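Here are my comments on the model, set out as numbered points. Please read them with the coordinates open beside the text.

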Amino acid sequence: MHEGSFNKQNQIIEEENNLRAVRRPIGIWLALALLALAGAGLLVWRFWPHSQATVVTESAAVAASAEEAIAQVELSAEALSRAGIETQEVGVQSLTQRLSATGRIVINEDTAARVGSPTEGRVRRVLVTVGDRVRAGQPLVYVHSHELLQAQADYAKARTAVTRAEKALAYANVELERANRLLEAKAISLREQMQAAAEVNAATAELEQAKAELRRAEEYLEHLGADPDGADTAVIRAPIAGVVLKRHISIGTVVNPADELMVIADLSTLWVIAEVPEPQAAFVRPGQGVEITVAAFAERRFPGRVVYLGESLSPETRTVQVRCLIQNPRGQLRPEMYATVQINTGQKQPVLAVPRDAVHEMQGERVVFMALGRGKFEKRVVQIGREQDNWIEIINGLEAGQRIVTRGGFLIKSEFLKGMMKEE
């Protein structure tokens, strides 16, 4: 009994030793695997950011190198000779000082006409509409008018009165001639002859009065615009040549002499109403030259002059109204366009400027080409200002003393464009 228990205990101890022997290698291998994973993570943490930064730095360097290559070109001696390239140093020029103000284009009231009806009536026909060009005296509107009927009756009555007066004067002249013959023959008295002469004078005065009434009736008919083919129709004609800008009537509209039917304007000249701030208004005078620019024609400058300077300030904006007259022979400018007005004050101002031919446009930017020597040229983006007498003001991008290309720049520009196409 005692011996069996001892053998069983030895068996249990032996099984536990065998289990430990199996677990020991598994633990060792698991520990080695964990150490390997930790080492790999450390390597990734150590070398990955450095590798990524190196790639980014190398990419930036390549991009910078490409950009630098596009910003510069080099021409051979033969190309330089063929292009006839000329250069000069950037310097200071005295340009006329200008004031800039915003404005609005309106019609020139001195060359515009507001068409009205001379009589009360109802519109029968409208011959033109907005946008039509008309000549002076051209029929625009036909109006049915009862007043015209009365005017034509007065005209007919005046013509009848003239005819009657002419006959009375003719009869009085015949009687005067008869009285003169009888007086010579001593058949009548001097008193009777004088009575005949007085009747001639009276008939002459009556005829003159009748003719005056006829002229008044004719002028009134002309004022009403009587239509020769229509007894009760008045014709409203264009008072000037121009373009119909507004039309306020249609067939059937009842009109009165106070109504505005149409607006016609000659657009060969226009007004620009600008608002000049109070501090700058002191430099503006009538007669000063101006240049107008509008968004629709950004590259064009329309010349004009100041014709009126307001007498008072606007209490809301503290500005003075300036009216400018501008020429519009091609009809490109239209009323109600917004404009920028450059007013020449006549005062000179020293500014950094380059010849007009030195400035080129590339991809929507204004650029000049700097001469670096040995056939190398660099593209420099600049911000330009005013243009006067073949000079362009440089606001930003250049410094005095730098040498730029003033002639032959188109060949350099083409070389830059070729380089940009290759990069793309």
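1. In this predicted model, the side chain of Thr119 makes two polar contacts worth inspecting, one with the side chain of Ser145 at 2.9 Å and one with the side chain of Glu147 at 2.7 Å. Thr119 itself is placed in the loop between β4 (112-116) and β5 (121-126), and with a relative accessibility of 1% it counts as buried, because the limit for that class is under 20%. Once neighbours within four places in sequence are left aside, the residues in contact with Thr119 are Ser145 and Glu147, together with Leu224, Ala234, Val255, Asn256 and Pro257.

2. Ser145 reappears in the surroundings of Asp232, which touches Arg124, Val143, His144, Ser145, Leu148 and Leu149 when residues up to four places away in sequence are not counted. Asp232 belongs to strand β9 (residues 230-237), and its C-alpha atom is separated by 5.8 Å from that of His144, although the two residues are 88 apart along the chain. The side chain of Asp232 is also joined to the side chain of Thr233 by a polar contact of 3.4 Å. Is Asp232 buried or exposed? Its relative accessible area is 19%, and since the class requires a value under 20%, Asp232 is buried.

3. The nonpolar interior deserves a point of its own. In soluble globular proteins, nonpolar side chains tend to be buried together. The largest nonpolar core here has 29 residues, of which Ile105, Ile292, Leu333, Val341 and Ile343 touch the most other members. At least two residues of this core come from each of β3, β12 (260-265), β13 (269-277), β14 (289-294), β15, β16 (319-327) and β17 (338-355). Leu333, taken as an example, touches Ile105, Leu270, Val294, Phe302, Ile326 and Asn328, residues up to four places away in sequence not being counted. Apart from the largest core lies another, of 16 residues, with Val123, Ala238, Val255 and Met262 among them.

4. Strand β17 also holds Thr345, which counts as buried at 12% relative accessibility. Leaving aside neighbours within four places in sequence, Thr345 is in contact with Thr96, Gln97, Leu99, Phe283 and Gln288. Between Thr345 and Val290, which are 55 residues apart in sequence, the C-alpha to C-alpha separation is 9.1 Å.

5. Rolling a probe the size of a water molecule over the atoms shows where empty space is left. How much space lies in the largest pocket? The value is about 330 Å³, and among the 16 residues lining this pocket, those closest to its centre are Ile107, Leu245, Leu267, Arg334 and Pro335. Both β3 (91-107) and β10 (242-247) supply at least two residues of the lining, with β10 giving the most, namely three. Sorted by class, the lining of the largest pocket has eight nonpolar, six charged and two polar residues.

6. The second largest pocket has a volume of about 190 Å³ and is lined by Ala298, Glu299, Arg301, Arg366, Ile384, Gly385 and Glu387. Two or more of these lining residues come from each of β15 (297-313) and β21 (383-388). The lining of the second largest pocket divides into four charged, two nonpolar and one polar residue.

7. Finally, the backbone at two loop positions may be checked, as each has a positive phi in a residue other than glycine. For Lys186, phi is near 55°, and the residue is located in the loop between α3 (146-184) and α4 (190-224). For Gln363, phi is likewise near 55°, and its place is the loop between β18 (360-362) and β19 (365-373). How accessible are these positions? Lys186 has a relative accessibility of 75% and therefore counts as exposed, the limit being over 50%, while Gln363, at 61%, counts as exposed too.

Technical notes
Residues numbered from 1 in each chain as written. Predicted model: local features only at pLDDT ≥ 70, side-chain atom pairs only at ≥ 80, totals over all residues. Heavy atoms only, no water. 1 Å grid on protein atoms, 1.4 Å probe; cavity = no way out; pocket = protein on both sides within 12 Å on 5 of 7 lines; lining within 4 Å. Points joined across faces, edges and corners; volume = space filled by probe spheres on them. Helix = DSSP H or I, 4+ residues; strand = E, 2+ residues; numbered from the N terminus. Nonpolar A, V, L, I, M, F, W, Y, C, P; charged D, E, K, R; others polar. Buried < 20%, exposed > 50% of the residue type's maximum accessible area, 1.4 Å probe, protein only. Polar contact = N/O pair within 3.5 Å; in protein donor to acceptor, adjacent residues only side chain to side chain. Contact = heavy atoms within 4.5 Å. Core = buried A, V, L, I, M, F, W, Y, C linked by side-chain atoms within 4.5 Å.
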